[in-house]
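Here is a quick walk through a protein model, written for someone who would rather look at the fold than at a spreadsheet. Have a look at the picture first, then read on.

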Amino acid sequence: MTNDTERQAFALPPTFYIHYDDIDPQHEDLIDIVNDCVARLVDGVLEDFEEPFRIFVEHLTAHFSHEEDLMRDLGYSGLDWHADHHADCLKRVENLIAGMQAQGYVGIRELRVCFHDIIHDVVHADLKFAEFLDGLGLIPRRQ
Ligand SMILES: [Fe+2]
Ligand SMILES: [Fe+2]
């Protein structure tokens, strides 16, 4: 039986928004893919995870490249560190998918870890970039 906890959608907290270019919609898109998997759990299990996670890795890779391109264009000094952070994140996701393949399904535990990986990069790396953007006056002032 699928319980209510498993049906709760993951959400990006408002304090984790970058407010620059397409970065926030891309973070939301990644979380949406995880949430679509949550919605498809049957008895806590989704066996058809290969396609959503193929798309997830594709979007995650494109998102990381997009951020790194923005950083390069703006001469951000933290680019190399941030790119290493992205590479580590991708490696963790690949290991997570290998674990799903070994067990033959994705469950809420793996989906939580996946959500955590998105948030991990936002909190530890993207928000640092946001401070840099703010310093350049590129983030609109909010009331
Ligand atoms: Fe990001
Ligand atoms: Fe990032």
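## Starting from one phenylalanine

Phe-129 is buried, since 21 other C-beta atoms lie within 10 Å of its own and 20 are enough to count as buried. Bear in mind that this is a predicted model. Phe-129 sits in helix α5. Which residues does Phe-129 touch, not counting residues up to four places away in sequence? The list is Met-71, Tyr-76, Gly-78 and His-82. Take Met-71: it is 58 residues from Phe-129 along the chain, yet their C-alpha atoms are separated by 8.0 Å.

## The overall fold

Zooming out, the protein has five helices and zero strands, so to speak an α-α-α-α-α run from the N terminus on. Its radius of gyration is 16 Å, close to the 15 Å that the globule rule gives for 143 residues, so the protein is as compact as a globular protein of that length. Along the principal axes, the C-alpha atoms fill a box of roughly 50 × 35 × 20 Å. Of the 143 residues, 19% count as buried. If you look at contacts with a separation of 6 or more, 74% of them come from residues 24 or more positions apart.

## How the helices pair up

Three helix pairs are worth a look, and here is their geometry.

| Pair | Angle between axes | Distance between axes |
|---|---|---|
| α2 (residues 23-39) and α5 (residues 108-135) | about 170° | 9 Å |
| α3 and α4 (residues 79-103) | about 175° | 10 Å |
| α4 and α5 | roughly 180° | within 11 Å |

Angles over 145 degrees count as roughly antiparallel, so that is the label for α2 with α5, for α3 with α4 and for α4 with α5.

What lies between them? In the α2 and α5 pair, α2 brings residues including Leu-30, Val-34 and Cys-37, while α5 brings, among others, Leu-111, Phe-115 and Ile-118. By class, that contact has twelve nonpolar, one polar and one charged residues.

The contact of α3 with α4 includes Phe-53, Leu-60, Phe-64 and Met-71 from α3, and Leu-79, His-82, Leu-90 and Ile-97 are among those from α4. Its residues divide into ten nonpolar, three polar and two charged.

Now for α4 against α5. Among the α4 residues here are His-82, His-85, His-86 and Arg-92, and the α5 side includes Glu-110, Asp-117, His-120, Asp-121 and our Phe-129. The class count for this contact is eight nonpolar, six polar and four charged residues.

## The nonpolar cores

In soluble globular proteins, nonpolar side chains tend to be buried together. In this model the largest nonpolar core has 15 residues, and Cys-37, Phe-49, Val-106 and Leu-111 are those with the most contacts inside it. The elements giving two or more residues to this core are α2, α3 (50-73) and α5. Which residues is Leu-111 in contact with, leaving aside neighbours within four places in sequence? They are Val-34, Cys-37, Val-38 and Val-106.

There is also a second, separate core of five residues, which includes Tyr-20, Ala-125, Phe-129 and Leu-133. That brings us back to where we began: Phe-129 belongs to this second core and also takes part in the contact of α4 with α5.

Conventions: Residues numbered from 1 in each chain as written. Chains lettered and ligands numbered in written order. Predicted model: local features only at pLDDT ≥ 70, side-chain atom pairs only at ≥ 80, totals over all residues. Helix = DSSP H or I, 4+ residues; strand = E, 2+ residues; numbered from the N terminus. Rg over C-alpha atoms; globule rule 2.2 N^0.38 Å. Buried ≥ 20, exposed ≤ 12 C-beta atoms within 10 Å, placed from the backbone. Contact = placed C-beta atoms within 7 Å. Axes fitted to C-alpha atoms, helices over the stretch in contact; angles between N-to-C directions. Parallel < 35°, antiparallel > 145°, perpendicular 65-115°, else oblique. Nonpolar A, V, L, I, M, F, W, Y, C, P; charged D, E, K, R; others polar. Core = buried A, V, L, I, M, F, W, Y, C linked by C-beta atoms within 7 Å.
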